[in-house]
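Thanks for sharing this one. Here are a few notes to read alongside the model, in the order I would look at things.

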Amino acid sequence: MGFRVPAIRRASFTASKSAQAPKGCIAVYVGETQKRFVIPISYLNQPSFQELLCQVEEEYGYDHPMGGLTILCSEDVFQHMTSRLSGQ
């Protein structure tokens, strides 16, 4: 996947593994290290986010051992996507 990624403030999207996601948000686990991000549920309705999920499903399938949504793309691609969505 060939996305270029600007830096974003990770603190606004991350939470500790023991913390529950706030109401209206969902925890996702990204990349090979399964880094946890908390994103608004509304992102799931965005066409660009749905396209990312479809690409990940085609390449890796779905496996959710952490109990949350696992997205096995690079953290850079995920951060680029969420930074674009947060700017809308």
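1. Where is Gln-34 found? Gln-34 sits in the loop between S1 and S2. Please bear in mind as you read on that this is a predicted model. Gln-34 is worth a look for its backbone: its phi is positive, about 60°, although the residue is not a glycine. Its side of the story also includes burial, because a relative accessible area of 15% falls under the 20% cut-off.

2. Now for the hairpin around that loop. Strand S1 covers residues 25-30 and strand S2 covers residues 35-40; the two run antiparallel and are joined by six bridges. Cys-25 has Pro-40 as its bridge partner in S2. Four residues lie between the strands, and in this hairpin Gly-31 takes a positive phi near 80°.

3. Next, Val-28, which lies in strand S1. Is Val-28 buried or exposed? Val-28 is buried, since its relative accessible area is 0%. Setting aside neighbours within four places in sequence, Val-28 is in contact with Lys-35, Arg-36, Phe-37, Ile-39, Leu-69, Ile-71 and Phe-78. There is also a link across the sequence to check: the C-alpha atoms of Val-28 and Gly-68 are separated by 5.7 Å, with the two residues 40 apart along the chain.

4. Val-30 is another residue of strand S1. Val-30 counts as buried because its relative accessibility is 0%. Which residues is Val-30 in contact with, leaving aside its neighbours within four places in sequence? They are Lys-35, Phe-37, Ile-71, Cys-73, Ser-74, Glu-75 and Phe-78. For Val-30 and Asp-76, 46 residues apart along the chain, the C-alpha atoms are separated by 9.7 Å.

5. Phe-78, listed among the contacts of Val-28 and of Val-30, brings us to helix H2. The buried residues of H2 are Val-77, Phe-78, Gln-79, His-80, Met-81, Thr-82, Ser-83 and Leu-85. What covers these buried residues includes S1 and S2, together with helix H1 (47-60) and strand S3 (69-71).

6. Finally, a check on the length of H2, which has twelve residues (75-86). What span should we expect at 1.5 Å a residue? The expected span is 16 Å, because the rise is multiplied by one less than the number of residues. The end C-alpha atoms of H2 are 16 Å apart, so the model agrees with the expectation.

Methods
Residues are numbered from 1 along each chain as its sequence is written. This is a predicted model: local features need pLDDT of at least 70, side-chain atom pairs count only at pLDDT 80 or more; totals for chains, interfaces and linings use all residues. Side-chain values use heavy atoms; hydrogens and water are left out. Two strands pair if DSSP finds at least two bridges between them. Buried means under 20% relative accessible area, exposed over 50%, partly exposed in between (1.4 Å probe, protein chains only). Contact means heavy atoms within 4.5 Å.
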